[in-house]
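Me: I should like to go through this structure and ask what lies behind the terms used to describe it.

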Amino acid sequence: MEKDVDIAWKEIDTIVDKYEGSNEALLMIMQDISDIYNYVPPDVVPYLAERLGVKKSQVYGVATFYKTISLEPRGKYIINVCTGTACHVRGAEKIMDALEERLDIKEGETTEDKLFSLEAVRCIGCCASGPVITVNQETHGGLDRSNVIQILEEYKQDA
Ligand code: FES
């Protein structure tokens, strides 16, 4: 596992305080931390467990269950390729292949420069525009091998 980033503990405290230290807010707290670091640094796990009065296994459980939470560093841009039925029929596999080739990573991996992470997801509810991907909060549809690479380049330039 890679070394954790420098954690701004004050910021973590502020997030936990925002939810009044409620253990029911565990998922939201982890999501907020994830929004800052793009993942939940593993060093934060025991701290959250202590502050929220839950078991560490519960914190790990949330990270394992929810795809939006990761304990591994992820890229600045998280590319989710929809592999639901409608997108599959419309060529999602080609989109994934093109992205894997261009980024030189496999699904589930992050580029060395930590710019992109590539993941497969189930239907995201835009079937009519398939095949679709999301990049962080933005959705892109009507993709083929060439326009998806063009989209990728645009994110690279913005980075
Ligand atoms: S199957 Fe891809 S958006 Fe529904």
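Me: Which residues on the other side of α1 are exposed, and what makes them count as such?

Reply: In this predicted model, K10, T14 and D17 are the exposed residues there. The term exposed requires 12 or fewer other C-beta atoms within 10 Å of a residue's own, so K10, T14 and D17 are placed in that class.

Me: Which residues of α1 are called buried, and why?

Reply: They are I12, I15 and V16. A residue is called buried because 20 or more other C-beta atoms lie within 10 Å of its own.

Me: How do you know that I12, I15 and V16 are on the same side of α1?

Reply: I12, I15 and V16 are buried, and they cover an arc of only 95° around the axis, which puts them on the same side of α1. In general, residues three or four places apart point the same way because an α-helix has 3.6 residues a turn.

Me: What do the buried residues of α1 pack against?

Reply: Their partners are α2 and α3 (44-52).

Me: How are α1 and α2 arranged, and which residues make the contact?

Reply: Helix α1 (residues 9-18) packs with helix α2 (residues 26-37) at an angle of about 145°, and their axes are 9 Å apart. From α1, the contact uses E11, I12, I15 and V16; from α2, it uses I29, D32, I33 and I36.

Me: What makes six of these contact residues nonpolar and two charged?

Reply: The division is six nonpolar, no polar and two charged. Ile and Val count as nonpolar, whereas Asp and Glu count as charged; therefore E11 and D32 are the charged pair in this contact.

Key:
Residues are numbered from 1 along each chain as its sequence is written. This is a predicted model: local features need pLDDT of at least 70, side-chain atom pairs count only at pLDDT 80 or more; totals for chains, interfaces and linings use all residues. Axes are lines fitted to C-alpha atoms, for helices over the stretch in contact, and angles run from 0 to 180 degrees between N-to-C directions. Helices (H or I, at least four residues) and strands (E, at least two) are DSSP runs, numbered from the N terminus. Two residues are in contact if their C-beta atoms, placed from the backbone, lie within 7 Å. The arc is that of the directions from the helix axis to the C-beta atoms.
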